[in-house]
Amino acid sequence: VLQYVYGGFRIPLLPRYSAATGKVWLERGGVYVLANIRGGGEFGPTWHAAALTTRRQTSFDDFQAVSKDLIARNVTSPSRLAISGGSNGGLLVGVTFTQAPELYNAVLCDVPLLDMLRYHRLLAGASWMGEYGNPEVPEERTTLIAYSPYHNVLPDEEYPKVFFRTSTKDDRVHPGHARKMAALMAAQGHPMYYYENTEGGHSAAANLRQVARRGALGFTYLSKQLMDH
């Protein structure tokens, strides 16, 4: 099962056609789950506001609740469950695998925010303080450090083998987030994968060939982690 999320900035995730997901995931027997959680825009402004700044943990709790429900109803098991998200969704899966690593066997973490104490100092980060909070405000900093993935990955914890994907030319979320998280996990002895495209901006791909390569890397990783055992 591949569980996908965005969950922020009042952006709704609605059912849509995805040729690549259908062809290389569903046709091979995979299941795709689209998680609608508080912080997104699926049910209007109140749904979004429920997870702003100091209430951000609400989003992470909702996402983990979807995973636990899938397991409880025998749709999947932790060894067959992957999570995926990009940008704010990358933050969300980053928080999730550090808070509940036992639920997952694969994590696709794309162009993510991961250091929530310095995000406001990098590229467009300062413009997102209305969403996440200001690390310079003590109450908001307390909330941020409690879930910031970079500050909560531990050397003695067992994590799924995460795949970080980012872009050197990302002008929205600095690739430094993924770089330093990958470096920290490697230093702590945690196996993981890292891919940085040198082009492509925040989409991490500059043309269709790069889109195809990035997608192939992702689905090959998911197949290896969830299907090939």
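**Exercise 1. Classify the lining of the largest pocket by residue type, and state how large the pocket is.**

Solution. The model is predicted.
Step 1: Sort the lining residues into classes. The lining of the largest pocket holds 25 nonpolar, 12 polar and five charged residues.
Step 2: Attach the volume. The largest pocket fills about 1,100 Å³.
Step 3: Locate the centre. The lining has 42 residues, and the closest to the pocket centre are Tyr4, Arg16, Asp110, Arg165 and Arg214.

**Exercise 2. Determine which secondary-structure elements supply at least two residues of the lining of the largest pocket, and which element gives the most.**

Solution.
Step 1: List the strands. S1 (2-4), S2 (32-34), S3 (82-86) and S4 (106-110) each supply at least two lining residues.
Step 2: List the helices. H1 (19-26) and H9 (208-226) also supply at least two each.
Step 3: Pick out the main contributor. Helix H9 gives the most, with eight residues.

**Exercise 3. Decide whether Arg214 is buried or exposed, and find its contacts beyond four places in sequence.**

Solution.
Step 1: Place the residue. Arg214 belongs to helix H9.
Step 2: Apply the cut-off. Buried means under 20% relative accessible area. Arg214 has 17% relative accessibility, so Arg214 counts as buried.
Step 3: Set aside neighbours within four places in sequence. Arg214 is then in contact with Asp110, Arg165, Ser203 and Ala204.
Step 4: Compare with the pocket. Asp110 and Arg165 are also among the residues closest to the centre of the largest pocket, as is Arg214.

**Exercise 4. Carry out the burial test for Pro138, and give its C-alpha separation from Ala19.**

Solution.
Step 1: Place the residue. Pro138 lies in helix H6, which covers residues 138-147.
Step 2: Apply the cut-off. Exposed means over 50% relative accessible area. At 61% relative accessibility, Pro138 therefore counts as exposed.
Step 3: Read the distance. Pro138 and Ala19 are 119 residues apart along the chain, and their C-alpha atoms are separated by 46 Å.

**Exercise 5. Test the chain against the compact-globule rule and describe its overall fold statistics.**

Solution.
Step 1: Count the elements. The chain has nine helices and six strands.
Step 2: Compare radii of gyration. A compact globule of 229 residues would have a value near 17 Å; the chain has 17 Å, so the two agree.
Step 3: Add the extents. The C-alpha trace spans about 50 × 40 × 40 Å along its principal axes.
Step 4: Assess burial and surface. Of the 229 residues, 51% are buried. The chain exposes about 10,400 Å², with 54% of this area supplied by carbon and sulfur atoms.
Step 5: Examine the contacts. Among contacts with a separation of 6 or more, 72% join residues 24 or more positions apart.

Conventions: Residues numbered from 1 in each chain as written. Predicted model: local features only at pLDDT ≥ 70, side-chain atom pairs only at ≥ 80, totals over all residues. Heavy atoms only, no water. 1 Å grid on protein atoms, 1.4 Å probe; cavity = no way out; pocket = protein on both sides within 12 Å on 5 of 7 lines; lining within 4 Å. Points joined across faces, edges and corners; volume = space filled by probe spheres on them. Helix = DSSP H or I, 4+ residues; strand = E, 2+ residues; numbered from the N terminus. Nonpolar A, V, L, I, M, F, W, Y, C, P; charged D, E, K, R; others polar. Buried < 20%, exposed > 50% of the residue type's maximum accessible area, 1.4 Å probe, protein only. Contact = heavy atoms within 4.5 Å. Rg over C-alpha atoms; globule rule 2.2 N^0.38 Å. Areas by Shrake-Rupley, 256 points an atom, 1.4 Å probe, with all protein chains shown as cover.
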